[in-house]
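Colleague: I am new to this structure and should be grateful for a close look at a single part of it, the largest pocket. Which residues line the largest pocket, and which elements supply them?

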Amino acid sequence: MKFATGDAAKGWEELCRVAAANTRAAYQALETNPCPHPGTARHHQLKGKLSTDTHGGKLLPQWQYEVTGGGRIWYLVDHDTRTCWLKLASTGHPKATE
């Protein structure tokens, strides 16, 4: 797992501060099974225009892990390099999905 942006790294630190156990569970899920099939209510690929995004010039699937009721992690999965790129980590619900 790597941070795609500085804001994602800051958000991760904030999630660790306010929901340490849940953030640890999210980390373990991303490390062991970043693309569960089928997805769950808490851990699934985003839909529609949010289902993919680019990183390093590559179009990659974008997933979400619900850390808390409002806290979310959005990440891209690069299967070629076996890397999860954290694009967003937030203690509040992302506005893009509203």
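Modeller: The account below takes the pocket and then the core. The model is a predicted one. The largest pocket holds about 200 Å³ of space. Its lining consists of Met-1, Leu-30, Glu-31, Thr-32, Pro-34, Val-77, Asp-78, His-79, Arg-82, Thr-83 and Cys-84. At least two lining residues come from each of helix H2 (20-32), strand S5 (72-78) and strand S6 (83-90). Helix H2 gives the largest share, three residues. Sorted by class, the lining comprises five nonpolar, three polar and three charged residues.

One of the lining residues, Leu-30, also belongs to the largest nonpolar core, which has 15 residues. Leu-30 is among the members that touch the most others, together with Tyr-65, Val-67, Ile-73, Tyr-75 and Leu-86. Two or more residues of this core come from each of helix H1 (6-18), H2, strand S4 (58-66), S5 and S6. H2, S5 and S6 thus appear in the pocket lining and in the core.

Tyr-75 shows how the two parts meet. When neighbours within four places in sequence are set aside, Tyr-75 is in contact with Leu-30, Pro-34 and Cys-84, among others, and these three residues are found in the pocket lining. Further contacts of Tyr-75 include the core members Tyr-65 and Leu-86, as well as His-43, Pro-61, Gln-62, Trp-63, Gln-64, Trp-85 and Lys-87.

Conventions:
Residues are numbered from 1 along each chain as its sequence is written. This is a predicted model: local features need pLDDT of at least 70, side-chain atom pairs count only at pLDDT 80 or more; totals for chains, interfaces and linings use all residues. Side-chain values use heavy atoms; hydrogens and water are left out. On a 1 Å grid over the protein atoms alone, a cavity is a set of points where a 1.4 Å probe fits but cannot get out, and a pocket is an open set with protein on both sides within 12 Å along at least five of seven lines; lining residues have an atom within 4 Å of a point. Grid points are joined across faces, edges and corners, and a volume is the space filled by probe spheres set on the points. Helices (H or I, at least four residues) and strands (E, at least two) are DSSP runs, numbered from the N terminus. Ala, Val, Leu, Ile, Met, Phe, Trp, Tyr, Cys and Pro count as nonpolar, Asp, Glu, Lys and Arg as charged, and the others, Gly among them, as polar. A nonpolar core is a set of buried Ala, Val, Leu, Ile, Met, Phe, Trp, Tyr and Cys residues joined through side-chain atoms within 4.5 Å. Buried means under 20% relative accessible area, exposed over 50%, partly exposed in between (1.4 Å probe, protein chains only). Contact means heavy atoms within 4.5 Å.
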